[in-house]
Amino acid sequence: MCFSNIMVLWWRPRASLVAVKSIVAQFSPYQSQTESFRQFLQWIYSRRAVASNPLVVLRTKVLHDERPPQIDINFSDGDKLVLKTQNLKFHEMKEFYEEFVVPKNKAIQLAKEAEEIKAFGKLKKFN
C-alpha cells in the first residue's frame, strides 16, 4: 500500500445514515476482493456515522461460500440500494452511496425544519 492510499483511508468525510433504516453486509472473508468492501464497512460502521442515526440496524453476515460481497441498504422511505462490491473500489462505493443518500438526507432535514417551524408557530399562537 503506497502513501497516497494511506492518506485516502485516513482522510474520509463521515458517512450519514439519517435516511437509512438498516444495512445488511454479507461477504466471504476468504475471497481476495474484499479489501475495499471492508474499508466501506469501516466507513459506514464508524462511531460518528452511527451517531447520525442511532436507530439504524447494522448487520454483517459472514458467508462460507463463493458468493460475491454485497451490501443491502434499506431506507426509511422504502427504497432499497444493493451494492454488489466485488469489482468496486472504496471511493466508487462511497460515491454511489452518497449520490443516492444525499438527496434523501436533504429531504428529511427539510421536513424536520418544516415540523419545527409549524410547532413553533402553534406554540406562539397559544401565548
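What follows is a chat about salt bridges and burial in a predicted model.

Trainee: What makes R67 and D65 a salt bridge?

Mentor: Their side chains come to 2.9 Å, N to O. The cut-off is within 4 Å for a Lys or Arg side-chain nitrogen and an Asp or Glu carboxyl oxygen, so the pair qualifies. By that rule the count comes to four salt bridges.

Trainee: Why is R67 called partly exposed?

Mentor: Its relative accessible area is 43%. Partly exposed runs between the 20% and 50% limits, so that value fits. D65, at 29%, is partly exposed as well.

Trainee: How do you know that D77 forms a salt bridge with K104?

Mentor: The closest N and O atoms are 2.8 Å apart, and the rule asks for within 4 Å, so it counts. D77 sits in the loop between β3 and β4 and K104 in helix α4, so the pair ties together parts 27 residues apart in sequence.

Trainee: Why is K104 called buried?

Mentor: K104 has a relative accessible area of 14%, and buried means under 20%, so the label holds.

Trainee: What makes D77, D79 and K104 one network?

Mentor: K104 also forms a salt bridge with D79, the closest N and O atoms being 2.6 Å apart. Salt bridges that share partners join D77, D79 and K104. D79, for its part, is partly exposed at 33% relative accessibility.

Trainee: And why is helix α2 called mostly covered?

Mentor: Seven of its ten residues are buried. Among them are F37, F40 and W43.

How values were computed: Residues numbered from 1 in each chain as written. Predicted model: local features only at pLDDT ≥ 70, side-chain atom pairs only at ≥ 80, totals over all residues. Heavy atoms only, no water. Buried < 20%, exposed > 50% of the residue type's maximum accessible area, 1.4 Å probe, protein only. Helix = DSSP H or I, 4+ residues; strand = E, 2+ residues; numbered from the N terminus.
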